[in-house]
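Please work through the exercises below with the sequence and the 3D view side by side, trying each task before reading its solution.

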Amino acid sequence: MVPAAAAGMDGAPASAAPAMNSAADAAAQSAGDTVTADGALLPGRRRPGFRKGLPERVEQMNLGAVSAPPPEAFYDKYDGEGPINDLALNVALPDRWRITNALCPQKDPATGKQDKGIYTLYPKLENVCHTIFDPFHHSVIKGDRPLSKAQRPGFLKGDDWFFIASAISDTVVEPRSFPIPVGNQTTTNANEIDTFGRSNSLVLAQTFITSFSLLKGLTAFKPPIIEYRATLATQINYVQVPEKRVLSVLPTGGTHRTDYSFGVQDLFVDYHIGRFDSKRFDFVSIRAGIQEFTADFRGFLFLDNQLGVRIFGNRDNNRVQFNLAAFWRLEKDTNSGLNSIQDTPRRDWVFTANLYRQDFPVVGLTSQVSVTYNMNRERDQIHADVNGFPVRPALLGDLRGREYDVVYLGYAVDGRIGRMNLTAQLYAALGEDRNNFLTSRPAKIAAYFAAAEASYDVDWMRFRLSGLYASGDKNPYDGTEGGFDAIFENPQFAGADTSYWIRQTIPFAGGGRAVSINGRNGILNSLRSSKEEGQSNFTNPGTILLGVGADFDLTPEVRVSTNVNHLWFDNTKVLQVLRNEGSIPKSIGFDTSVSAVWRPNASQNIVFRLSAATLFAGAGFRDLFAQQGRGNRFYSVLANAILAF
């Protein structure tokens, strides 16, 4: 039996009684002193209904110092249990994003004025008190703070919902010159008897882009749990040319045009599949809807906003990334290039898978392997653009419809080796064309592509060397199409859209109306009716480019870039057949360009760019586009202003 001295008041063993609150209480008990009720409590416990006494008043001895606060200034924060007593304060703190902003003065609903007296006490508080329309400070419409409960629609459950809105104004002024064919039926110049007329033209374009995103989750280490995004674009453009039948298929059409268009560039749902997360914050997500996708580092093969489903993510602490996607291509507006959602999607599908591995084959380089399959089933369709020009099939050869299957096998690297920056891309295009437009028979597709750009940094200067090879078709009648063509190229390479050849479209007059040598914002000589609405064409002369360039960061706000490229056709046999000529030289000419970019306050919210480019025509270009006393030099000027919120 347990001795009474060793038992608690209820007869339980002493080991089951509450432990002493402190060593002082234990010493008091051993000395025979009475243990207080508060002293016998476990840490963190309190006596219900008991009001603690105020601490003793602090006597201030150092004269001139600020007096200590009275005991009444100390309070116990209310913990939610029992009634609020006189010394408890119910403190409602905002979330961690709004702690500082909660001090900002608010407008009086009655007078509409702000009492800014708090700035006298906290002068630096004014630095964080800004309107929600200020893009450079915390704003709920820029996703810096989550939506409060009052701001959230009722169907959004849970916390951590963010709303992101952005707006972009993109203004383009572009005087230019290129070979413009004289119409068969009419011309604006009664004395013009040459194949090509005057070459000067002007493009003005104003595009407004608005984007809205609603997402849930904290994105410091992982993607959002779910995201809804919509991006809408509206464009007004004006074009003026010197000849008729350039802007419209009708001979009665004018030489200038003002056009309006609206497009949906993003409209998707992105869902984060959390069960595949790892301890290193690796993730897997699925995205469905209209979305942007880039098949490689520089946009050589496929860079577009299209309707599709994409599974993507990473592994091994982000050293491995992957994409698995399928796209159903939308029609494009002819004059703006925006997605035309009012038209039925094309019978053209793209399936792609790629895998990235960082620090392979050497530290600093990222490797990518990819497989992309383009399945086109538009053989039985005839499609003309909004200006009346037929684009599918292209006005070449037998004028019969085409369909094809082509697989692109790719390998790419991007990164650096030591102090040298390097980007390289290889592609093999293999497949079958159901109808070769010259033989009217099926043909195999076997074409190849290689491009590389190396650069070296010296302080505030970067020097670049670029090279590109896209195979051309050597024999249009041998049953094999050997000219490389992309799906939808937008290359960031060799000067990008500052370059004359990449920026401008050169019409292929004489061998096919409404067919161009190259495409706007494209580098390949593909003989397509249109990059946006036409089909890939693997019976083309190919492209060779060698270029040098340099970038100079004169200040954090100003960059000047220069570029010189020499271009050739890989093989002109196709051009000879289409133009009924015995020989055509390969040289396209020298493309020289210079551009200046100014970013006030070193910010991407305001960007001004001015560039100028000149094409010094080579023997092959002059042979194709000879003019009476003209045609040796063509120019392109681009003035661009981007304002972003």
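The exercises that follow concern a predicted model, and each task is paired with a worked solution.

**Exercise 1. Overall make-up**

Task: Establish how many helices and strands the protein chain has, what share of its residues is buried, and how its contacts are distributed along the sequence.

Solution: Begin with secondary structure, where the protein chain shows five helices and 23 strands. Next take burial, which applies to 44% of the 645 residues. Then turn to the contacts with a separation of 6 or more, of which 61% are made by residues 24 or more positions apart. Finally, consider the surface: the accessible area of the protein chain is about 33400 Å², and carbon and sulfur atoms contribute 58% of that.

**Exercise 2. The nonpolar interior and a surface patch**

Task: Identify which residues of the largest nonpolar core touch the most other members, and describe the surroundings of Phe449.

Solution: The largest nonpolar core has 57 residues, and those touching the most other members are Tyr408, Phe449, Phe484, Ile517, Leu527 and Phe621. Strand 16, which spans residues 443–458, is the element that gives the most to this core, with four residues. For Phe449, set aside the neighbours within four places in sequence; the contacts that remain are with Phe300, Gln425, Leu426, Tyr427, Leu468, Tyr469, Ala470, Phe484 and Leu524. A further core of seven residues lies apart from the one just described, and includes Leu156, Trp161, Leu214 and Ile226. As background, nonpolar side chains in soluble globular proteins tend to be buried together.

Task: Decide whether Leu426 is buried or exposed, or falls in between, and name the surface patch to which Leu426 belongs.

Solution: Locate Leu426 in strand 15, residues 420–433. The relative accessible area of Leu426 is 47%, and because this value falls between the limits of 20% and 50%, the residue counts as partly exposed. Leu426 then joins Leu355, Phe360, Val369 and Tyr411 in a nonpolar surface patch, whose members together have about 440 Å² of accessible area.

**Exercise 3. Aromatic pairs**

Task: Classify the ring pair of Phe463 and Phe552 and the ring pair of Trp598 and Phe608.

Solution: The structure contains 21 aromatic pairs. In the pair of Phe463 and Phe552 the ring centres are 6.3 Å apart and the planes stand at 85°, which is over the 60 degree limit, so the arrangement is edge-to-face. This pair links distant parts of the chain, since Phe463 sits in strand 17 (residues 461–470) and Phe552 in strand 19 (residues 543–553), 89 residues apart. Phe463 has a relative accessible area of 37% and is therefore partly exposed.

For Trp598 and Phe608 the ring centres are 5.5 Å apart and the planes are at 25°, under the 30 degree limit, so this pair is stacked. Trp598 belongs to strand 21 (residues 587–598) and Phe608 to strand 22 (residues 606–617), so the pair ties together parts 10 residues apart in sequence. Trp598 is partly exposed at 45% relative accessible area, and Phe608 is likewise partly exposed at 32%. Elsewhere, ring pairs join Phe300, Tyr408, Tyr427, Phe449, Phe484 and Phe493 into a cluster.

**Exercise 4. Salt bridges**

Task: Determine where the partners Arg287 and Asp270 lie in the chain, and why each of Arg287 and Asp270 receives its burial class.

Solution: The structure holds 25 salt bridges. In one of them Arg287 pairs with Asp270, and the closest N and O atoms are 2.7 Å apart. Arg287 lies in strand 7 (residues 284–294) and Asp270 in strand 6 (residues 256–272), 17 residues apart. Arg287 is buried because its relative accessible area of 14% is under 20%, and Asp270, at 6%, is buried for that reason too.

Task: Describe the salt bridge between Asp348 and Arg329.

Solution: The side chains of Asp348 and Arg329 meet at 3.3 Å, N to O. Asp348 is in strand 10 (residues 348–358), whereas Arg329 is in the loop between strand 9 (320–328) and strand 10, so the bridge ties together parts 19 residues apart in sequence. Asp348 counts as buried at 0% relative accessibility, and Arg329 counts as buried at 2%.

Task: Name the residues linked with Arg503 in a network of salt bridges.

Solution: The network links Arg503 with Glu174, Asp497, Arg520 and Arg609.

How values were computed. Residues numbered from 1 in each chain as written. Predicted model: local features only at pLDDT ≥ 70, side-chain atom pairs only at ≥ 80, totals over all residues. Heavy atoms only, no water. Helix = DSSP H or I, 4+ residues; strand = E, 2+ residues; numbered from the N terminus. Buried < 20%, exposed > 50% of the residue type's maximum accessible area, 1.4 Å probe, protein only. Contact = heavy atoms within 4.5 Å. Areas by Shrake-Rupley, 256 points an atom, 1.4 Å probe, with all protein chains shown as cover. Core = buried A, V, L, I, M, F, W, Y, C linked by side-chain atoms within 4.5 Å. Patch = residues over 30% accessible without salt bridge, like charges linked within 9 Å, V, L, I, M, F, W, Y side chains within 5 Å. Salt bridge = Lys/Arg side-chain N within 4 Å of Asp/Glu carboxyl O. Phe/Tyr/Trp six-rings, centres within 6.5 Å; stacked < 30°, edge-to-face > 60°.
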